[in-house]
Amino acid sequence: MLNLDRLRVLHTVSVTGSVSNAARTLHVTTSAISQQIARLEREVGQRLVERHGRGIRLTEAGTFLARDAGELLTHVERVEAGLAEHRGTVTGTLAVAAFATAARGLLPGVLGTLRSRYPELRVSLSEREPHESIPALSRGRLDIAIVQEWPGDELTIPDGLTRCDLSEDTFDLALPADHPLAGRDRLAITELLDEDWIAWSDGQICHDWLVRTLRANDAQPCIAHTASEHATQLALVAAGLGVALIPRLGRDHAPSSVHFVPITPAPARRIFALQRTSASARPALRATLDTLQRAANSPADARPTKPPSQAGKPCRRP
């Protein structure tokens with residue numbers, strides 16, 4: 001009978017592309033990976049890998065077995081989730097990743113709630129951007145990935161993942177309190193085309209969206225300062241060094257010398273959670289996602305976000 005652990009090793013080598021990557025994914029040594037593959041080769045009586053330059057590649061038999069192993073492992077996860085659902089208890093461990101603003105503004109309260117309600121559940125959090133968390137989720141290194149999606153920058157969601165909408169996070173203009181426009185009830189972004197802007201680092205979704213939006217209005221944006229943390233951006237605004245776009249989820253503890261003005265039309269990013277569809281029956285996942293949805297749509301005094309039309313509905317496949 002084929003060994004599931006060895007099939008998982010072969011499948012991981014296939015999806016990550018190398019023995020070293022597979023070792024990092026499975027948190028084992030490269031020699032342990034090689035030993036497991038050698039044992040699997042003896043079990044099936046065929047060569048599954050061959051030397052290729054300084055590394056290895058799968059043989060035709062190895063490719064065939066790795067593909068079927070992926071389907072088998074998905075089925076095993078679905079069976080395990082079904083058994084957990086039948087047991088009905090919220091137990092076990094979950095690995096959750098979230099982009100920076102959600103990790104700071106949403107997850108601490110969620111993790112505290114889960115700890116008090118489900119003492120037998122252990123949830124670990126890591127801060128990762130979508131380009132890191134989505135592949136890790138697909139490969140089984142994470143159980144939930146909380147990601148953001150901007151208008152015009154829709155994420156590609158791989159097959160086998162289920163999407164659960166959480167909220168929409170509206171952005172406001174952050175201005176120094178003595179700025180001539182700080183007293184306005186609402187502003188159009190076109191009224192600040194010539195301003196010095198404080199933005200996220202080049203290459204981040206938020207930075208690219210801002211630059212693209214300003215250029216769409218025939219302006220060459222002046223990005224005077226960049227910082228990945230909203231707290232740093234707000235400190236620069238407070239010092240009178242420019243204006244910024246700040247999500248409502250990220251404006252906690254803003255300096256008193258910063259004034260927020262809503263934008264018309266109001267830009268907003270979509271925030272949602274992803275999980276593997278094969279594991280969706282796990283009570284631990286359901287409890288965590290339910291808690292996330294309630295927290296994301298809680299009263300505005302904690303997180304002034306706007307729920308989308310899908311928020312609160314059951315998770316759905318993209």
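**Entry 1: V110**

I began with V110 and asked whether the residue is buried or exposed. In this predicted model, V110 has a relative accessible area of 2%, and because the cut-off for buried is under 20%, I entered V110 as buried. I then placed V110 in helix α6, which runs over residues 107–117. Setting aside the neighbours within four places in sequence, I found V110 in contact with T291, L292 and A295. I also looked up V110 against H179, and noted that the two are 69 residues apart in sequence and 37 Å apart in space, C-alpha to C-alpha.

**Entry 2: α6 and α10**

The contacts of V110 led me to the pair of helices, and I asked at what angle the axes of α6 and α10 cross. The axes of α6 and α10 (residues 283–296) come within 10 Å and cross at roughly 135°, which makes α6 oblique to α10. I recorded the crossing as right-handed. On the α6 side I listed L107, V110, T113, L114 and R117, which meet A287, T288, T291, L292, R294 and A295 in α10. Sorted by kind, the residues of this contact are six nonpolar, three polar and two charged.

**Entry 3: salt bridges**

I turned next to the charged pairs, and the structure holds 16 salt bridges. One of them joins the side chains of D143 and R282, at 3.7 Å from N to O. I checked where the two partners sit: D143 is in the loop between α7 (130–138) and β5 (144–149), while R282 is in the loop between β11 (268–276) and α10, so that the pair, 139 residues apart, links distant parts of the chain. D143 has a relative accessibility of 14% and therefore counts as buried.

A further salt bridge is formed by the side chains of R251 and D172, at 2.7 Å from N to O. This pair also links distant parts of the chain, with R251 in the loop between β9 (244–247) and β10 (258–262) and D172 in strand β6 (residues 161–176), 79 residues apart. How accessible are R251 and D172? I noted R251 as partly exposed at a relative accessible area of 25%, whereas D172 is buried at 2%.

The last pair I looked up was E191 and R184, a salt bridge whose closest N and O atoms are 3.0 Å apart. E191 is partly exposed at 35% relative accessible area, and R184 is partly exposed at 36%. I closed with a network in which salt bridges that share partners join E149, E154, R163, D165 and R270.

Definitions and conventions. Residues numbered from 1 in each chain as written. Predicted model: local features only at pLDDT ≥ 70, side-chain atom pairs only at ≥ 80, totals over all residues. Heavy atoms only, no water. Helix = DSSP H or I, 4+ residues; strand = E, 2+ residues; numbered from the N terminus. Buried < 20%, exposed > 50% of the residue type's maximum accessible area, 1.4 Å probe, protein only. Contact = heavy atoms within 4.5 Å. Axes fitted to C-alpha atoms, helices over the stretch in contact; angles between N-to-C directions. Parallel < 35°, antiparallel > 145°, perpendicular 65-115°, else oblique. Left-handed = near helix turned anticlockwise from the far one by under 90°. Nonpolar A, V, L, I, M, F, W, Y, C, P; charged D, E, K, R; others polar. Salt bridge = Lys/Arg side-chain N within 4 Å of Asp/Glu carboxyl O.
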